[in-house]
Amino acid sequence: MTLRGRLTAAFLTVVLGPVLLGAFFVGLTMTTVDRNRAAERLGLAAATVRTSVDALCQQLRAAADAVALAPDSAGRAGTAGQVVGRGLAAAVLVTDVAGVPTYATPGAPAAPWRDCGA
């Protein structure tokens, strides 16, 4: 091997070898950090969705309590109309103990509905 070949090999070994190894380790570290950040962002997004759904369910429970506290069916119908008119709920469905509907506001969304208490 000539002197030029040995000098080139020494340069590549001493200078470029550590640079390439460092770049490899930095790439591995960045991949791990990216993966951890993505998991953290997904956790935050899930918590945000959970909080939003809980707030909406609280609003719907308050509207249901207002309708349930009306003294008679005429009062329930009036309260249900106010709840829908104010935008607290899209519709109100009042059922008896057996689950048979006794009153429903007009223009209700299609079934199945989801119960926030479940």
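## Starting with one residue

Let's begin with Thr-79, which has 18% relative accessibility and so counts as buried, the cut-off being under 20%. Keep in mind that this is a predicted model. Thr-79 sits in helix 2. Which residues does Thr-79 touch, leaving aside its neighbours within four places in sequence? They are Ala-66, Val-67 and Ala-70.

Just along the chain there's Ala-80, and its contacts are worth a look too. If you skip residues up to four places away in sequence, Ala-80 touches Val-67, Val-92, Tyr-103 and Thr-105. Val-67 turns up for Thr-79 and again for Ala-80.

## The nonpolar core

Ala-80 and Val-67 both belong to the largest nonpolar core, a set of seven residues. The other members are Ala-63, Val-83, Ala-89, Val-92 and Val-94. Two elements give two or more residues to this core: helix 1, spanning 3-68, and helix 2, spanning 73-85.

As a bit of background, nonpolar side chains in soluble globular proteins tend to be buried together. In this protein, 10% of the 118 residues count as buried.

## The overall layout

So much for the details; here's the whole chain. The protein is built with two helices and two strands, and along the sequence they come in the order α-α-β-β.

How does the radius of gyration of the protein sit against that of a compact globule of 118 residues? The globule would come in near 13 Å, but the protein has 33 Å. The box filled by the C-alpha atoms tells you about the shape as well: along the principal axes, its sides are roughly 105 × 25 × 20 Å.

## A look along helix 1

For a feel of distances in helix 1, try Asp-34, which lies in that helix. From Asp-34 to Val-14 you count 20 residues in sequence, and their C-alpha atoms are 31 Å apart in space. Is Asp-34 buried or partly exposed? With a relative accessibility of 47%, Asp-34 counts as partly exposed.

## Contacts, surface and charge

Now take the contacts in the protein between residues at least 6 apart in sequence: 25% of them join residues at least 24 apart.

On the outside, the accessible surface of the protein adds up to about 9,100 Å², and carbon and sulfur atoms account for 66% of that. As for charge, you'll find 10 positive side chains and 7 negative ones. The centres of those two sets are 23 Å apart.

Terms used: Residues are numbered from 1 along each chain as its sequence is written. This is a predicted model: local features need pLDDT of at least 70, side-chain atom pairs count only at pLDDT 80 or more; totals for chains, interfaces and linings use all residues. Side-chain values use heavy atoms; hydrogens and water are left out. Helices (H or I, at least four residues) and strands (E, at least two) are DSSP runs, numbered from the N terminus. The radius of gyration is taken over C-alpha atoms; the globule rule is 2.2 Å times the number of residues to the power 0.38. Buried means under 20% relative accessible area, exposed over 50%, partly exposed in between (1.4 Å probe, protein chains only). Contact means heavy atoms within 4.5 Å. Accessible areas come from the Shrake-Rupley method with a 1.4 Å probe; for residues, only the protein chains shown count as cover. Lys and Arg count as positive and Asp and Glu as negative; His and the chain ends are not counted. The place of a charge is taken as NZ of Lys, CZ of Arg, CG of Asp or CD of Glu. A nonpolar core is a set of buried Ala, Val, Leu, Ile, Met, Phe, Trp, Tyr and Cys residues joined through side-chain atoms within 4.5 Å.
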